[in-house]
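Please open the model in your viewer and keep the sequence panel beside it. The stops below go from the whole chain to its interior and then to a single loop residue.

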Amino acid sequence: MNLDLDRYFLELALDEAENALMENTYPIGAVIVDEDNNIISKGRNQVHPHQDATAHAEIIAIRNGGQAILQGKASRQKFTIYTSLEPCPMCTGAILFANMKKVVWLLNDDIGFGGYRKIKEANLFDARFDEVEMVEEPNEDLKRRQQELMRKWSTNPNHIVQLRKDLK
Ligand SMILES: [Zn+2]
C-alpha cells in the first residue's frame with residue numbers, strides 16, 4: 001500500500017518533470033504530501049524560464065508549501081517530498097529545514113550535482129538526517145522514464161553544452 005502511494009506521488013513528480021522539459025529547463029519535478037497523503041504543493045524546475053539558478057523543483061515545491069510547512073512545525077506534522085532526481089546540495093539543505101520526515105527520489109544523480117547521499121554519508125548534521133527516511137530509486141520503470149527525460153534534456157537548446165556551442 002505504502003509503496004503504491006509512493007509510486008503514485010512519484011508519477012505526479014514525473015509529470016511535473018515532463019512539464020519542465022516542455023518549458024526548456026531541467027526535467028525535474030517534486031511533490032510534497034502530508035501525513036494523511038494530502039498533496040501540499042508541487043514544483044518543477046524553473047531555472048531557465050525564470051532565469052533563476054536557485055529555482056530547483058524541490059525549492060519551488062517547498063516555497064509553494066510555505067504556510068502548511070511552517071504550521072506543521074508548530075503542530076508537529078511532518079511531510080514527505082517526492083522528487084524525480086536525487087536532490088542537489090542546495091535542495092538537501094532546504095529539505096533539512098523544511099520539516100520532512102521522508103524523501104523519495106526516482107533516479108540517483110552520480111554524474112550531476114546529486115548531493116543528498118554525499119552529505120548524509122559525510123556524517124554532517126547527523127541528528128537532522130536521522131529524522132529523514134531516504135528512499136532512492138524505488139521503481140525501475142519510473143526511473144527509466146526519468147533517465148529518458150535526462151537524455152532528452154542533454155540535447156535541449158538550453159542545456160549548458162548546447163549553450164556553449166552557441167557561443168562559439
Ligand atoms: Zn536542487
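Begin with the whole chain in cartoon view: from the N terminus on, the elements run α-β-β-α-α-α-β-α-β-α-α-β-α-α, which makes 9 helices and 5 strands. Keep in mind throughout that this is a predicted model. Along the principal axes, the C-alpha atoms fill a box of roughly 55 × 30 × 30 Å, and the radius of gyration is 16 Å, in agreement with the value near 15 Å for a compact globule of 168 residues. Of those 168 residues, 35% count as buried.

Next, select the largest nonpolar core, which has 37 residues, and highlight those with the most contacts inside it, namely Ala-13, Ala-30, Val-31, Ile-32, Ala-61, Ile-81 and Tyr-82. Among the elements that give two or more residues to this core are helix H1 (2-22), strand E1 (29-33), helix H3 (57-64) and strand E3 (79-83); the largest share, 6 residues, comes from H1.

Now centre on Ala-13, which, apart from its neighbours within four places in sequence, is in contact with Gly-29, Ala-30, Val-31, Tyr-82, Thr-83 and Ser-84.

For the last stop, move to Ala-55, in the loop between helix H2 (47-50) and H3. Is Ala-55 buried or exposed? Ala-55 counts as partly exposed because it has 19 C-beta neighbours inside 10 Å, whereas a buried residue needs 20 or more. Not counting residues up to four places away in sequence, Ala-55 touches Asn-45, Gln-46, Val-47, His-50 and Ile-60. Finally, draw a distance from its C-alpha atom to that of Arg-44, 11 residues apart along the chain, and the separation is 8.4 Å.

Technical notes
Residues numbered from 1 in each chain as written. Predicted model: local features only at pLDDT ≥ 70, side-chain atom pairs only at ≥ 80, totals over all residues. Core = buried A, V, L, I, M, F, W, Y, C linked by C-beta atoms within 7 Å. Buried ≥ 20, exposed ≤ 12 C-beta atoms within 10 Å, placed from the backbone. Helix = DSSP H or I, 4+ residues; strand = E, 2+ residues; numbered from the N terminus. Contact = placed C-beta atoms within 7 Å. Rg over C-alpha atoms; globule rule 2.2 N^0.38 Å.
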